[in-house]
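Student: I have a model open and would like to understand the terms people use for it. Could we go through them together?

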Amino acid sequence: MRIEVIVQNEQEAIQAEKLGAARLELVSAIDEGGLTPSFEIIKQVLNSVTIPVQVMIRPHSRDFFYSDLEMNTIIEDVKNVLSLGGHGIVFGALTKDYTIDETALEKVMAVSDQLDITFHRAFDEIDDQLSAYKLLTDYKKLVKRILTSGGHEDCLRGKHDLRKLVELSKEIEGPAILCGGGLTSTNIKEIHQTVEANEYHFGSGVRKDGSYSEGFDKRVVEQITALEG
């Protein structure tokens, strides 16, 4: 079981690595669901840890539709990550009919063949996730994983649909399913028993008082990492 946690700055990144996180998702504006961090924050975090860092690339929180102008910003942000020595990004885009925006995805992928992309929870706004998963498998050279709660509000409600996605991922050897949304130390065991994913994404569930304004709860993180294996 591979544990990824959300961090907002250098201090949190260092602490998360010390507590045993296997990978980080770096975001700003977590109260808006996570936006692109500043150049300086990205630089600080990439220079402070040795574990992989996935940098959120999301210019606004209104939706997952992007204009040509917004795509230009996105491309520049991806180039910034690469210029700092990073390769991991978190990105997702949809068409107005809530399907994968392949044009946007291909523009991002064209920046570098060294990118390691997490397709984020825009995926949860798609009705037919199994078909969407198969489409993203065509891009698995760079789209390494999909962050999802199975199309539900959280992983506990979505555990059976997550199981279907995990089974499909193993069957056709597509991107990994990164389960995220509402995960805590009290529900991860139940969810994992059903889903049997290899990767789990934690946010407020590993924070003191469940708040992003607080640091990590060492006891909670240790409980979760003790389940790894």
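Tutor: Gladly; we will take the terms one at a time and set each against its definition. Keep in mind that this is a predicted model.

Student: Why is Val220 called buried?

Tutor: Buried means under 20% relative accessible area. Val220 has a relative accessible area of 7%, so Val220 is buried. You will find Val220 in helix α8, residues 218-225.

Student: What makes Ser185 a contact of Val220?

Tutor: Contact means heavy atoms within 4.5 Å. Leaving aside neighbours within four places in sequence, Val220 is in contact with Ser185, Gly205 and Val206, so each of these three has heavy atoms within 4.5 Å of Val220. For another distance, Val220 and Ala176 are 25 Å apart, C-alpha to C-alpha, and 44 residues apart in sequence.

Student: Now the sheet. How do you know that β5 and β6 pair?

Tutor: Pairing takes at least two bridges. Strand β5 (residues 116-119) is joined to strand β6 (residues 143-148) by three bridges, therefore they count as a pair, and they run parallel. Within this pair, Ile117 stands opposite Val143. Helix α4 (residues 102-109) packs on the sheet here, touching β4, β5 and β6.

Student: What about β8: which strands does it pair with?

Tutor: β1 and β8 share four bridges, while strand β7 (residues 176-180) and β8 share three. Both numbers satisfy the requirement of at least two, so both are pairs, and each is parallel. Arg2 has Glu199 in β8 as its bridge partner, and Gly180 stands opposite His201 in β8.

Student: What order do the strands follow in the barrel?

Tutor: Eight strands close into a barrel in the order β1-β2-β3-β4-β5-β6-β7-β8, with parallel pairing. Neighbouring strands of this sheet are turned by 25° against each other on average, direction ignored.

Student: Which way do the residues of β8 point?

Tutor: Glu199 and His201 point one way from strand β8, and Tyr200 and Phe202 the other way. All of them are buried, which means that each has under 20% relative accessible area.

Student: And what makes a residue part of the lining of the largest pocket?

Tutor: A lining residue has an atom within 4 Å of a pocket point. For the largest pocket, 25 residues make up the lining, and Ile6, Gly33, Arg121, Leu147 and His201 lie nearest its centre. The lining divides into nine nonpolar, 10 polar and six charged residues. Gly counts as polar, so Gly33 belongs with the polar ones. The volume of this pocket is about 480 Å³.

Note on methods
Residues numbered from 1 in each chain as written. Predicted model: local features only at pLDDT ≥ 70, side-chain atom pairs only at ≥ 80, totals over all residues. Heavy atoms only, no water. 1 Å grid on protein atoms, 1.4 Å probe; cavity = no way out; pocket = protein on both sides within 12 Å on 5 of 7 lines; lining within 4 Å. Points joined across faces, edges and corners; volume = space filled by probe spheres on them. Buried < 20%, exposed > 50% of the residue type's maximum accessible area, 1.4 Å probe, protein only. Axes fitted to C-alpha atoms, helices over the stretch in contact; angles between N-to-C directions.
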